[in-house]
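I opened my notebook today to look through a protein structure, one small question at a time. Come and read along.

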Amino acid sequence: MKDWLRRLRGALGIGVTWALGWAPIGAVLGSVLWFLLDVPVGLLAVIQINAIAFGILGFLGGTIFSTVLGLAEGRRQFDELTLPRFAAWGALGGLLLGGLAVGAGLWGASGVPVVAATVTVAATLLGAASAVGSLALARHADGDTALEPAADRSSVGPGGTDGRQLIGGSR
């Protein structure tokens with residue numbers, strides 16, 4: 001039971017993190033759309049609507065990603081995962097989110113194939129980028145600033161065989 005609650009807390013945490021990252025992107029996109037299109041609503045309303053919508057999509061995308069990652073890599077820790085693999089799972093989560101957004105008819109996507117493709121591609125790219133950001137945050141929280149998996153750095157440091165001499169003359 002505790003493992004299930006820990007995974008749920010992790011999924012919600014990743015969802016909130018992604019929501020906080022996606023909301024400003026939605027705000028910028030809303031302001032760009034307002035300037036490019038003849039939108040009958042005020043600029044602040046468009047920014048607010050897009051920020052909220054992207055925040056919600058970011059939360060959903062983060063929880064979808066967390067679920068996909070848990071199913072695919074459940075027994076591995078963050079320091080055992082490679083950056084490209086993490087990005088691929090994020091892209092898959094974003095693709096699933098884009099498909100759900102298109103299926104739900106967000107932004108009129110179900111009626112216009114170009115908009116549907118744009119929403120799906122944007123969600124896929126945002127998913128991959130957010131996954132990479134999540135991995136970087138997780139590794140930074142553990143005090144590890146490198147983005148390579150720990151297994152690739154196993155020979156570096158005290159007791160390793162990298163050939164460096166430690167202070168005091170010992171190896």
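These are my entries, in the order I looked things up.

**Entry 1: the kind of model**

I reminded myself at the start that this is a predicted model. I keep that in mind for every value below.

**Entry 2: aromatic pairs**

How many aromatic pairs does a search of the whole structure find? I noted four. I then looked up the pair of Trp18 and Trp22, whose ring centres are 5.9 Å apart, with 20° between the planes. Planes under 30 degrees apart count as stacked, so this pair is stacked.

Where do these two residues lie? I found both Trp18 and Trp22 in helix H1, which covers residues 2-36. They are four residues apart, about one turn of the helix.

Next I asked myself whether Trp18 is buried or exposed. Its relative accessible area is 2%, so Trp18 is buried, because buried means under 20%. I looked up Trp22 as well and found a relative accessible area of 2%, so Trp22 is buried too.

**Entry 3: from one helix to another**

I stayed with Trp18 and looked at its pairing with Phe65. Trp18 and Phe65 form a stacked aromatic pair, 5.1 Å from centre to centre and with 20° between the planes. Which helices do the two partners come from? Trp18 belongs to helix H1 and Phe65 to helix H2 (residues 43-73), so the pair ties together parts that are 47 residues apart in sequence. I wrote down that both Trp18 and Phe65 are buried.

Then I looked at the group around these rings. Trp18, Trp22, Phe65 and Phe86 form one aromatic cluster.

**Entry 4: salt bridges**

How many salt bridges does the count come to? The count is two, and I looked up each of them.

In one, the side chains of Arg6 and Asp3 meet, at 2.5 Å from N to O. Arg6 and Asp3 are three residues apart in helix H1, so about one helical turn separates them. The other salt bridge joins Asp3 to Arg7, with their closest N and O atoms 3.4 Å apart. Asp3 and Arg7 are four residues apart in helix H1, so here too the separation is about one helical turn.

I made a short list of how accessible these residues are:

- Arg6 has a relative accessible area of 47%, so it is partly exposed.
- Asp3 has 39%, so it is partly exposed.
- Arg7 has 37%, so it is partly exposed.

I closed the entry with the whole picture: Asp3, Arg6 and Arg7 are linked in a network of salt bridges.

**Entry 5: a nonpolar patch**

Which residues make the nonpolar surface patch? I listed Val28, Leu29, Val32, Leu33, Leu36 and Leu37, and the patch they make is about 520 Å². I picked Leu29 for a look of its own and found it in helix H1. Leu29 has a relative accessible area of 34%, so it is partly exposed.

**Entry 6: Val119**

For my last entry I went to helix H4 (residues 113-141), where Val119 is found. Is Val119 buried or exposed? I read a relative accessibility of 16%, so Val119 counts as buried. I also checked how Val119 relates to Ala101: they are 18 residues apart in sequence and 7.6 Å apart in space, from C-alpha to C-alpha.

Notes: Residues are numbered from 1 along each chain as its sequence is written. This is a predicted model: local features need pLDDT of at least 70, side-chain atom pairs count only at pLDDT 80 or more; totals for chains, interfaces and linings use all residues. Side-chain values use heavy atoms; hydrogens and water are left out. Buried means under 20% relative accessible area, exposed over 50%, partly exposed in between (1.4 Å probe, protein chains only). Rings of Phe, Tyr and Trp (its six-membered ring) pair if their centres lie within 6.5 Å; planes under 30 degrees apart count as stacked, over 60 as edge-to-face and the rest as tilted. A salt bridge is a side-chain nitrogen of Lys or Arg within 4 Å of a carboxyl oxygen of Asp or Glu. Patches are made of residues with over 30% relative accessible area and no salt bridge: like charges are joined within 9 Å, nonpolar side chains (Val, Leu, Ile, Met, Phe, Trp, Tyr) within 5 Å. Accessible areas come from the Shrake-Rupley method with a 1.4 Å probe; for residues, only the protein chains shown count as cover.
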